[in-house]
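Work through these exercises with the sequence and the model side by side. Try each task before reading its solution.

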Amino acid sequence: MSRPYDVAVIGCGAGGYQAAVSAAQCGARVVLIERAGAGGACLNRACVPKKAVAHVASVLATAHGLLGRGLAGAMCGDLAAMMAHEEALVADLRRGFPQRLKALAIDLVAGHARLQSAHAIVVSGDRGTTTIEARRVILAAGARPRPLPACPIDGERVVAADRLIPLLASEPKRLLCLGGGATGVEAAFVFRAFGAEVTLATRGDRLLARPMISERAARLLERRLSESGVTILKGVSVIATQVDDAGVTVRFQDGREGRFDRVLVAVGSVPRTDDIGYRALGVRCDSEGFVATRETLETSVPGIYAVGDMKGGPMTAAAALHDGRIAGENAALGGHRRRNYHQVPLVIDSILPLAAVGLSEDLAERAGFAPEVVYIPYGASVKARAQGASAGFIEIVHDEETGQMLGGCVAGGGADELVHLVLAACRSRRGLWSLADLDYGHPSYGEELGAAVSAHLAGFMRSRPTVFRPGIYAFRD
């Protein structure tokens with residue numbers, strides 16, 4: 001380690017791993033420093049484990065919907081087998097990390113990192129202390145669940161969002177999910193699928209109060225959760241909790257009171273405040289402690305970058321991977337690529353799969369466009385009706401004056417994959433027309449998208465045949 005590295009990355013979660021890979025692929029000599037298990041929250045506690053259990057929950061929900069339409073008999077989940085599969089999956093992926101890093105000549109160092117200067121990092125581990133020098137540094141230390149003072153987390157009865165999988169293993173009979181964001185609606189779906197009585201409470205007036213998710217999609221998701229037996233409380237806050245050996249009593253500000261076996265607190269995240277030394281070097285943070293960055297993801301200290309949940313922006317694995325690609329390339333090459341989260345799909349695995357990318361109708365209006373929405377109900381889809389999954393839709397947002405592709409939202413089967421077609425159209429020189437250009441399989445969800453867009457474009461071209469701009473994120477010639 002005597003020769004300085006080109007790039008040092010602190011933290012091996014989704015963003016840190018991607019930053020190291022991107023920098024190495026640009027020809028940089030890279031070291032990746034990780035204190036705990038490789039893979040971070042995404043692999044060990046969040047995205048990967050949740051995807052595994054949500055898939056089983058989805059299959060159960062689909063099977064129940066097919067009773068009397070080709071399936072007969074009782075269908076139930078095997079929680080122990082599912083948990084064993086999830087643990088084996090995570091362990092297998094974790095074992096593969098060193099090999100993938102070695103293939104790219106990335107050095108992996110275990111230990112706690114602390115910045116001594118903008119170019120020197122002291123790493124303390126089981127083998128003692130060493131100093132690593134690097135021309136540029138990428139911070140990827142992640143975040144931790146946001147505490148809720150009125151509902152203190154004890155790790156047993158009241159559990160933080162990053163302990164969702166162990167909570168599932170405890171098989172609660174009555175669960176309260178606090179928070180109407182992605183984690184809340186995903187958890188409510190999974191626990192209900194495995195037989196728990198679930199109450200989902202949010203301070204907001206709607207679930208998934210994110211600009212990218214349309215209100216139509218949020219309302220449909222709420223209806224589906226309610227139909228499955230989830231009790232949804234909106235506009236409520238917890239004012240007190242009392243924990244005993246048998247459960248948790250929760251009091252809300254509207255006077256109601258509930259009794260639950262367990263409570264899951266999923267009200268967001270805050271940056272980790274572990275002392276890794278960046279504040280002492282002058283790295284600026286906002287009022288909540290999130291690291292402030294430029295659009296290139298460089299911090300206020302030249303040569304130090306930040307990615308993922310420890311900085312402001314969407315706190316999703318996809319956004320962290322986006323950050324990693326941008327920061328890794330910029331750190332390796334001294335480049336000026338800019339992050340753009342409108343190009344990053346948001347995917348939610350609940351009873352109604354949801355995915356969105358680009359600008360929603362509301363966001364487009366705020367940006368100064370004249371948005372128009374092409375709405376495609378799943379009820380028109382042969383595939384959706386054949387599978388008994390017609391409660392869904394696709395929204396495509398474009399500018400009515402120019403035809404410029406702006407974004408879209410998919411609610412229903414295949415949302416997590418179909419959203420990439422929407423993203424490709426946003427980034428295409430053909431824009432909205434690119435969706436009509438494709439030949440689709442039959443029957444498929446995509447063919448309805450192509451048919452609806454084709455019909456809409458026919459009318460658009462009759463009225464404005466010479467006006468067209470490509471997708472808003474299209475590559476320049």
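**Exercise 1. Compare the span of α13 with the expected span, then find what its buried side packs against.**

Solution. Start with the length. α13 has 19 residues, and 29 Å separates its first C-alpha from its last, close to the 27 Å expected at 1.5 Å a residue. The expected span is 1.5 Å times one less than the number of residues. Helices here are DSSP runs of H or I with at least four residues, strands are runs of E with at least two, and both are numbered from the N terminus.

A note on the source: this is a predicted model, where local features need pLDDT of at least 70 and side-chain atom pairs count only at pLDDT 80 or more, while totals for chains, interfaces and linings use all residues. Residues are numbered from 1 along each chain as its sequence is written, and side-chain values use heavy atoms, with hydrogens and water left out.

Next, list the buried residues of α13: Y445, G446, E447, E448, L449, G450, V453, L457 and F460. Buried means under 20% relative accessible area, exposed over 50%, and partly exposed in between (1.4 Å probe, protein chains only). Last, find the partners. Those buried residues pack against β20 (371–377), α10 (382–386), β21 (393–399), α11 and α12. Contact means heavy atoms within 4.5 Å.

**Exercise 2. Do the same for α3, then follow α3 to the second largest pocket.**

Solution. The 19 residues of α3 should span 27 Å at 1.5 Å a residue; the end C-alpha atoms are 26 Å apart, so the two agree. The buried residues of α3 include P49, K50, V53 and L60. They pack against α2 (40–44), α4 (79–103), α5 (164–169) and α6.

Now turn to the pocket. Its volume is about 940 Å³, the space filled by probe spheres set on grid points joined across faces, edges and corners. A pocket is an open set of points on a 1 Å grid over the protein atoms alone, where a 1.4 Å probe fits, with protein on both sides within 12 Å along at least five of seven lines; lining residues have an atom within 4 Å of a point.

The second largest pocket has 36 lining residues, with S58, A61, T62, R224 and I351 nearest its centre. α3 gives the most to this lining, ten residues. By class, the lining has 15 nonpolar, 14 polar and seven charged residues.

**Exercise 3. Locate two residues with positive phi and one cis peptide bond.**

Solution. Most residues other than glycine have a negative phi, and most peptide bonds are trans. Take A105 first. Phi of A105 is near 60°. A105 sits in the loop between α4 and β3 (107–110). A105 is exposed, because its relative accessible area is 58%.

Then take L208, with phi near 50°. L208 is in the loop between β10 (197–202) and α7. L208 is at 0% relative accessibility, so it counts as buried.

Finish with the peptide bond. H442 and P443 are joined in cis, with omega about -5°. P443 lies in the loop between α12 (432–437) and α13.

**Exercise 4. How many disulfides does a search of the whole structure find?**

Solution. The search finds zero disulfides. The test is a pair of cysteine sulfur atoms within 2.5 Å. Check C26: the nearest cysteine sulfur, that of C12, is 18 Å away. C26 counts as partly exposed, because its relative accessibility is 29%.

Technical notes: Ala, Val, Leu, Ile, Met, Phe, Trp, Tyr, Cys and Pro count as nonpolar, Asp, Glu, Lys and Arg as charged, and the others, Gly among them, as polar.
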